[in-house]
Amino acid sequence: MRRAAAAAEFDRRDASWWMDRIAQGCVFAGGISAIVFIVGILAFIATQGMEFAANRLSWTEFFGSIAWRPNGHPPQYGALALIAGTASITAVAMALVVPLSLGAAIYIGEFARGKTREWLKILIELLAAIPSVVWGVIGLNVMGPLMTDVFGVPSGLNLLNAGIILGLMAAPIMTTIAEDALKAVPDTYREAAEALGATKWQVVLRVVLPHARPGLSAAGLLGVGRAVGETIAVLMASGHAITVPESLFDSVRSLTATIASELGETAHGDDHYQALFVLGMLLFAITFAINLTADSIVRGIRRKKA
Amino acid sequence: MVTNTGPEATEPMLDVRGLTIRYGGSVALCDVTLEVKANEIFGIIGPANAGKTSFLRALNRMSDFVQGMEVKGSVRLAGRDIASVRNVYALRRSIGVVFPLPVGLPLSIYDNVALAPRMRGVKARAQLDEIVERCLRRAALWDEVKDRLRNLGSLLSGGQQQRLTIARALSQDPELLLLDEFSIAIDPVTTMRIEEVLKELRHEMTIVLVTNLVQQARRLADRTAFFLGSRCIEVANTEELFTGTVKDQRTRDYVEGRYG
């Protein structure tokens, strides 16, 4: 008798079946709305700059010239120096912060024990809570004078200064994510390697790091995204000069800082205003490319494992 | 206990016809047709990669989760084609599954076992207590954990987690219990205790037992199927299989230990 009852039960949609449907619907709506916002922002940026980009902007000038003089006669819209500025600051920041945060993550995740580990984690997460304008002030009033004193360069507000500030800003989030990636490596892997007589460092190098590589790459690319998008601290620490840097002590200007500092002086809808939105589109494209790369790296590794 | 009266008594608990399973391009199971009678223990033996686990996965539509897993043929549970059920969750609730590697959910021992009854809507504390104790006793775990039911189930030892998994499957009060090499992480003494329990459970449910231990199939199963190379080579009464009256030479070789 029980069997027949069970078979009938398979077709009865009970409360939990409907609840499942409703929950799926809600989650779907949430996911879709995120996409709607992204598409909306993209559409906004694109429409603001589209008319100028399509009719009057010379792309060879935009990508080939270092002369950004929107108020000149005639106005010039060469973004090369700004792109170089953003790229060089990001590169310097990453060169400094990747070893730093990877080291911190490995220390916290693999070597530090007990209280030390807990305190370090809290302190590093606290570092992430410092507002970027405070970092800017540190760059402007502490690092700047320090740099003129130590290196004897004319301006302390330069590529190196901005790179250090940006690196320090990106360090907490990168360390936290890298440490999560290390923590996700099962302990059984460590034990298996240790049983072979591997030293702690050998375990880290040969077992933990290879397994955590997708997560570590994600941490790195997140840092790059942070560095490319950061505005106010870079504006304050970089010197804001339109040049393609030839040394670490040249002042530079980033894409974001240009938008932030110039948007206020434009008239809504004029060529300068629209040109800034073209810079915005460029930033969007860069960030998008970074995320896509990160995604394909992680995916590629996952497929290899499967 | 099900009495063999009425029309549905003649119907097999599980009626599998032409079941073929593919993962992408590779065939995991090829054209398997077999029946499992109500209240029997049905053993499945065979070497690795014979398709035993894939077969179990198809029975409760776990294949829905697995991308690229393609199931053809029909599976009828208690006379009902499982491909067309309107509430797949109700279907799974009536099938208990024990996986080869223990999966202690990150809940307390008590909550691990009480999860299925709670999802079914059982709220009364006394009733839950009773179910948890009964299931843990049957899985031969009660004496070891009765004083620490609030501890995390995932912190138990491997063998204990495996018995917790069995207790959890029993808490569903299933029609059909699928065991996939349940004794792989358990010591022989505990295995024997659980085997005794399985023999008693036969009165309440139907059991499909996939095992690598040929002798375990001999001890427990009423009938046994031999899987090899994605095919079901033959199904026979277990005694016949082991006393040599098999149709296929490969089966004889396997049960007598002449394979690999």
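**View 1. B:Val98 stands opposite B:Leu179 of β7(B) at one edge of an open sheet in chain B.** In this predicted model, β6(B) and β7(B) run parallel and are joined by 4 bridges. From β6(B), B:Ile95 and B:Val97 point one way while B:Gly96 and B:Val98 point the other, and all of these residues are buried. Helix α6 of chain B, formed by residues 158-171, lies across β6 and β7 (176-180) of the same chain and runs at about 175° to β6(B).

**View 2. The open sheet of chain B contains 6 strands in the order β6-β7-β8-β3-β9-β10, with mixed pairing.** The edges are taken by β6 (95-98) and β10 (231-237) of chain B, each of which has a single partner strand, so one side of each is left without a neighbour in the sheet. On average, and with direction ignored, neighbouring strands of this sheet are turned by 15° against each other. Within the sheet order, β8 and β3 are listed next to one another, and the pairing of strand β3 (residues 41-45) of chain B with strand β8 (residues 206-210) of chain B is parallel, extending over 4 bridges. In this pair, B:Phe42 is the residue that stands opposite B:Val208 in β8(B).

**View 3. The largest nonpolar core has 71 residues, and those with the most contacts inside it include B:Ala139, B:Ala167 and B:Val208.** Also named among the residues with the most contacts inside this core are B:Leu176, B:Leu178, B:Ile207 and B:Leu209. Helix α6(B) gives the most to the core, with 5 residues. When neighbours within four places in sequence are left aside, B:Ala139 is in contact with B:Arg163, B:Ile166, B:Ala167, B:Leu170 and B:Ile194. A second, separate core comprises 48 residues, among them A:Ile89, A:Trp135, A:Val203 and A:Phe249.

**View 4. Strands β1, residues 14-23, and β2, residues 26-36, of chain B run antiparallel and are joined by 7 bridges.** In this pair, B:Leu14 stands opposite B:Val36 in β2(B). The hairpin formed by β1(B) and β2(B) has 2 residues between the strands, and B:Gly24 takes a positive phi near 60° in this hairpin. Strand β1(B) also pairs with strand β4 (residues 69-77) of chain B, in the antiparallel sense and over 8 bridges, and here B:Arg22 stands opposite B:Glu70 in β4(B).

**View 5. B:Thr238 is found in helix α9 of chain B, which is formed by residues 238-243.** This residue, B:Thr238, counts as buried because 20 C-beta neighbours lie inside 10 Å. Leaving aside neighbours within four places in sequence, B:Thr238 is in contact with B:Gly43, B:Ala217, B:Arg218, B:Ala221, B:Asp222, B:Arg223 and B:Thr224. For one of these contacts, B:Arg223, the two C-alpha atoms are separated by 4.7 Å although B:Thr238 and B:Arg223 are 15 residues apart along the chain.

**View 6. Chain B, the setting of the close-ups of strands and helices, has 10 helices and 10 strands.** A compact globule with 260 residues would have a radius of gyration near 18 Å, and the value for chain B is 18 Å, which agrees. The C-alpha trace of chain B spans about 55 × 45 × 40 Å along its principal axes, and 43% of the 260 residues of this chain count as buried. Among the contacts in chain B with a separation of 6 or more, 68% are accounted for by residues 24 or more positions apart.

**View 7. The secondary structure of chain A comes to 12 helices and 2 strands.** Read from the N terminus on, the elements of chain A follow the succession α-α-α-β-β-α-α-α-α-α-α-α-α-α. The radius of gyration of chain A is 25 Å, whereas a compact globule of 306 residues would have one near 19 Å. Along its principal axes, the C-alpha trace of chain A spans about 90 × 55 × 35 Å. Buried residues make up 32% of the 306 residues in chain A, and residues 24 or more positions apart account for 71% of the contacts in this chain that have a separation of 6 or more.

Conventions
Residues are numbered from 1 along each chain as its sequence is written. Chains are lettered from A and ligands numbered from 1 in the order in which they are written. This is a predicted model: local features need pLDDT of at least 70, side-chain atom pairs count only at pLDDT 80 or more; totals for chains, interfaces and linings use all residues. Two strands pair if DSSP finds at least two bridges between them. Axes are lines fitted to C-alpha atoms, for helices over the stretch in contact, and angles run from 0 to 180 degrees between N-to-C directions. Two residues are in contact if their C-beta atoms, placed from the backbone, lie within 7 Å. The radius of gyration is taken over C-alpha atoms; the globule rule is 2.2 Å times the number of residues to the power 0.38. A residue is buried if 20 or more other C-beta atoms lie within 10 Å of its own, exposed if 12 or fewer, and partly exposed in between; C-beta atoms are placed from the backbone. A nonpolar core is a set of buried Ala, Val, Leu, Ile, Met, Phe, Trp, Tyr and Cys residues joined through C-beta atoms within 7 Å.
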